[in-house]
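Let us take a walk through a protein model together, one region at a time. Have the sequence and the 3D view ready as you read.

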Amino acid sequence: ITRSGSDPHRPRPFRPAEEFSTIPEVRIIVGLITLAGGLALSSAAAAAPTGSGAGGPLLAGPDLSARSSPNLAGATSGGAISRSQLHRKLKQLAKKAPPSSGFYVYDTDAAGNKVLFDRKEGKRRKLASNTKLFTTATALHRLGPESRIETLVRARGSVTRGGRLKGDLYLVGGGDPTLGSSGIKSLAKQVKRAGIKRVKGSVRADDSIFDSKRGVPDSGFGPSPYIAPLSGLVYGGSSYSTDPALEAGSAFKQQLRKRGVKVGGRVKIAKTPKKLNGREPIASVESPTIAAIVEATNKPSNNFYAEMLLKRLWATSNRRGTTRGGTKAVERFARSRHSRISQLDGSGLSDNNRSAPRDVVRLLVAMRAHRAHAAFYDSLPIAGKEGTLDERMEGTAAAGRCRAKTGTIDGVSSLSGYCNAGRGKVAFSLLMNGVSSYDAARKIQDKMTIEIARYRP
């Protein structure tokens, strides 16, 4: 992780690509969209932030927002409502939700009683992709919003006057989920500028910053239809290669060859010798900022990014990043903010990622006072405008006024975030379990959010 003051890589808005595990064969492809005088949405679905460069589209799934938005013809987008009116409307809507649901609505800037509505708010529910709120908040806290993840090239052996390296090149992964073609090209260019024209040995790909488990608990830590294989060294994030590090090393070798740098041996997987770690690398590239990666995680609900961030939380120079280690870090951070979560993965695919609506709101409230509050808040989709909410609550009081994280897995639909309402910000968590109709669940959530946006004390 490196830290820098300026950020040339501005986060970009995203189109939806959220989870829907009732369709296991789905592959959500995330592509770039551009910002041109407003939101100019491309025909591709959302993509990674720019930086070290994505090598191709990324798998975000499976948290799909409904492509045809729930019918909100009966939902008012009228004037302000009072506290008592809001409570009455939310109570009526909550009665329509499945019994295994919980709700908590909290006016963060109220002078007196801040709780606007609560129902079964203390019981833990399945979170689905609301788990990403905890993962990304912890990433911003531990890694820092302006930090970046480095990928390095180190050389073993001496270089002759003719530019021949009598040894190997080590491509050392730092757990960057965004490393792609532009980053690999940059590394190859830097190697050539270092005066190396021929490598007697081989390219050795080092992914040892993470453990070797490619999946998460939901897939028995094996291949998953919703997440490209995890590794400390990945290339593009879109490939289902059984060995991502080998794929990255091969791409690097190919780029070296294109620039006239010949490599004698085959690409191999190997850990960098400790004696090389104290030397200056001969090449390096940085990821976009952690803030940009968090936005690329939350807006389209990118499972791959969430799981890579989770492992990166636990990684140090003396310790490999693991899913279990990352969840420990998240749970500790939540407790430090008077919140709680029982977490098994970073993305929310597991049924056993659970928290109570009150604890989700406590996290949201705590992040308002955090030094990374702006990065966290900006990472959430805007209702009716972007990400997984771009087609929800359009033309209502919530559009442009509320930001929230969605979540959908089998029998679960959730929505948690903030609205510009009350005396400033209202934080809310709507966790619905036992869902049989996703459209019906989203319709209730959307109507509740619209009423929250209308609230004025």
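A residue is called buried when its relative accessible area is under 20%, exposed when that area is over 50%, and partly exposed in between. Keep in mind, too, that this is a predicted model.

With that word in hand, look at Asp 446 and Arg 392, which are both buried. Their side chains meet in a salt bridge, with N and O 2.7 Å apart. Asp 446 belongs to helix H11 (residues 438-454), while Arg 392 sits in the loop between H10 and E19, so this pair ties together parts that are 54 residues apart in sequence. Right beside Arg 392 in the numbering you will find Met 393, in the loop between H10 and E19 as well. Met 393 has a phi near 65°, a positive value in a residue other than glycine. Is Met 393 buried or exposed? With a relative accessible area of 2%, Met 393 is buried.

Now stay with helix H11 for another salt bridge. Arg 454 pairs with Glu 451, and their closest N and O atoms are 2.8 Å apart. Both residues lie in helix H11, three residues apart, which is about one turn of the helix. Arg 454 and Glu 451 are both buried. Elsewhere, salt bridges that share partners link Glu 295, Lys 299, Glu 386 and Arg 403 into one network.

Let us zoom in on one pair from that network. The side chains of Arg 403 and Glu 386 meet in a salt bridge of 3.7 Å from N to O. Arg 403 is part of strand E19 (residues 402-409) and Glu 386 is in the loop between helix H10 (373-378) and E19, so the pair ties together parts that are 17 residues apart in sequence. Arg 403 has a relative accessible area of 13% and is buried; Glu 386, at 8%, is buried too. How many salt bridges does the structure hold? There are 15.

Next come the strands. Strands of a sheet pair through backbone hydrogen bonds, either parallel or antiparallel. A good place to begin is strand E12 (residues 168-172), where five of the five residues are buried. Both of its faces are covered: Asp 168, Tyr 170 and Val 172 are buried on one side, and Leu 169 and Leu 171 are buried on the other. Strand E12 has pairings with E10 and with E14. Five bridges join E10 to E12, and these two run antiparallel; here Val 153 stands opposite Leu 171 in E12. Four bridges join E12 to strand E14 (residues 203-206), and this pair runs parallel. In that pairing, Leu 169 stands opposite Val 203 in E14.

From E12, step across to strand E10 (residues 150-156), which also pairs with E17 in the antiparallel sense over four bridges. Glu 150 has Glu 286 in E17 as its bridge partner. In a regular strand the side chains alternate between the two faces of the sheet. You can follow this along strand E17 (residues 283-286): Ala 283 and Val 285 point to one face and are buried, whereas Ser 284 and Glu 286 point to the other and are not.

There is also an open sheet of three strands in the order E11-E13-E15, with parallel pairing. Strand E11 (164-165) and strand E15 (262-263) stand at its edges with a single partner strand each, so one side of each is left without a neighbour in the sheet. Strand E13 (residues 198-199) and E15 run parallel and are joined by two bridges, and Arg 198 has Lys 262 in E15 as its bridge partner.

Finally, let us turn to the surface. Arg 124, Arg 142, Arg 319, Arg 324, Lys 328, Arg 332, Arg 335 and Arg 340 form a positive surface patch. Which element gives the largest share of the positive patch? That is helix H8 (residues 323-336), with four residues. Arg 340 is found in the loop between H8 and strand E18 (354-355), and it counts as partly exposed because its relative accessibility is 46%. The loop between H8 and E18 also holds His 338. His 338 has a positive phi of about 60° although it is not a glycine, and it is exposed, with a relative accessible area of 63%.

Key: Residues numbered from 1 in each chain as written. Predicted model: local features only at pLDDT ≥ 70, side-chain atom pairs only at ≥ 80, totals over all residues. Heavy atoms only, no water. Patch = residues over 30% accessible without salt bridge, like charges linked within 9 Å, V, L, I, M, F, W, Y side chains within 5 Å. Areas by Shrake-Rupley, 256 points an atom, 1.4 Å probe, with all protein chains shown as cover. Salt bridge = Lys/Arg side-chain N within 4 Å of Asp/Glu carboxyl O. Lys, Arg positive; Asp, Glu negative; His and termini not counted. Charge placed at Lys NZ, Arg CZ, Asp CG, Glu CD. Buried < 20%, exposed > 50% of the residue type's maximum accessible area, 1.4 Å probe, protein only. Pairing = 2+ DSSP bridges.
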